[in-house]
Amino acid sequence: MRVVVQEEPFDFGREAQEFASGHSNMGAIVTFTGVVRDADKGGMDRMVIEHYPGMTQKALEKIAEEAVSRWDLGDVLVIHRHGELRQGDMIMMVATASRHRVNAFEAAEYLMDYLKSRAPFWKKEYTAGGAEWVAAKNEDEDALSRW
Amino acid sequence: MDVLYFAWVRERIGVPKEAVETNAKTVSELVEELRGREERYEAAFADLSALRVAVDQELTDFDASLEGVREVAFFPPMTGG
């Protein structure tokens, strides 16, 4: 299990390759990557992600450990960035390895659902019209109930 | 104890962190104390359903005890991922 919180960009290809190559007996590797898109109203110049330094690493590790306890996983990787990002930048990635694909897919979805609503990050979008905090979506909170 | 604020809560209160002397037994009592202080706290805590709280860096509820607690953080619902 590896959990990384960082400001710098990460190399998705390298991370995915390294994660996959370490797990020769795993039949399934699932990766998901979150990419910065334009603001819902359009015209986004940049996004700044604030986080809670003392809590973030622990909160992410707890989510990853929960996934490991629920599914038969060989490994989990979570990378999440903070600081200033622009459209097209990769915000985060998760990867799961399992002997069977259903476990790998489900665990990756679980990780994403919990990262959305339980990891202490807050996004602020800067457009020509001003700056606005991204509001949490009800459906993100609802998504947790399926687990 | 240290009280921390994030995102728009931090912006409304005007500081990211402050040391607070309090006899409040629960998070709710602490919130009531802060609200009575100044308008900026009232502005930040006006709608508790729009807020989340962490005690010693663990997400919890507003009725959580503050006994032995060193750090309380207030913030809006998280938007990770």
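Reader: How much area do chain B and chain A bury between them?
Author: Bear in mind that this is a predicted model. The contact draws on 26 residues from chain A and 21 residues from chain B. Carbon and sulfur atoms carry 56% of the buried area. The total buried between chain B and chain A comes to about 1,900 Å².

Reader: Which residues of chain B lose the most area to chain A?
Author: Three residues of chain B stand out here, and together they make up 37% of what that side buries. They are Met78(B), Thr79(B) and Gly81(B).

Reader: How many salt bridges does the rule find across the interface of chain B and chain A, and what is the N to O distance for Lys62(A) and Glu58(B)?
Author: Across the interface of chain B and chain A, the rule finds three salt bridges. Lys62(A) forms a salt bridge with Glu58(B), and the cut-off for such a pair is 4 Å. The closest N and O atoms of Lys62(A) and Glu58(B) meet that cut-off, being 3.2 Å apart.

Reader: Which element gives the most to the side of chain B that touches chain A?
Author: Let's start with polar contacts: 14 residue pairs make them across the interface of chain B and chain A, both residues being at pLDDT 80 or more. On the chain B side, the elements giving two or more residues are β1 (2-5), α1 (7-13), β4 (58-60) and β5 (71-75). With four residues, the one that gives the most is α1(B).

Reader: How many residues on the side of chain B that touches chain A are nonpolar?
Author: That side splits into three classes. Five of its residues are charged and four are polar. The nonpolar ones number 12.

Reader: What is the strand order of the open sheet in chain B, and which are its edge strands?
Author: This open sheet has five strands with mixed pairing, in the order β2-β1-β5-β3-β4 (chain B). Neighbouring strands are turned by 25 degrees against each other on average, direction ignored. Pairing on one side only marks the edge strands, β2 and β4 of chain B.

Reader: What angle does the direction of helix α2 of chain B make with that of β5(B)?
Author: Helix α2 (residues 27-35) of chain B packs on the sheet. There, α2 touches β1, β3 (52-55) and β5 of chain B. Its direction and that of β5(B) make about 70 degrees.

Reader: Which residue in β2(B) stands opposite Val3(B)?
Author: β1(B) and β2(B) run antiparallel, and three bridges join them. Val3(B) also touches Pro16(B), a residue in the loop between α1 and β2 (17-19) of chain B. Standing opposite Val3(B) in β2(B) is Glu18(B).

Reader: How far is the C-alpha atom of Pro16(B) from that of Leu4(B)?
Author: The two residues are 12 apart along the chain. Pro16(B) nonetheless touches Leu4(B), as well as Val3(B), Tyr5(B) and Arg10(B), leaving aside residues up to four places away in sequence. The C-alpha separation of Pro16(B) and Leu4(B) is 5.7 Å.

Reader: Over in chain A, which residue is the bridge partner of Val48(A) in β7(A)?
Author: The open sheet of chain A has four strands in the order β5-β3-β7-β8, with antiparallel pairing. Its edge strands are β5 (83-85) and β8 (130-133) of chain A. Strand β3 (residues 44-51) of chain A is joined to strand β7 (residues 121-127) of chain A by seven bridges. In β7(A), Val48(A) has as its bridge partner Lys124(A).

Methods. Residues numbered from 1 in each chain as written. Chains lettered and ligands numbered in written order. Predicted model: local features only at pLDDT ≥ 70, side-chain atom pairs only at ≥ 80, totals over all residues. Heavy atoms only, no water. Contact = heavy atoms within 4.5 Å. Buried area = accessible area lost by both parts, 1.4 Å probe. Salt bridge = Lys/Arg side-chain N within 4 Å of Asp/Glu carboxyl O. Polar contact = N/O pair within 3.5 Å; in protein donor to acceptor, adjacent residues only side chain to side chain. Nonpolar A, V, L, I, M, F, W, Y, C, P; charged D, E, K, R; others polar. Pairing = 2+ DSSP bridges. Axes fitted to C-alpha atoms, helices over the stretch in contact; angles between N-to-C directions.
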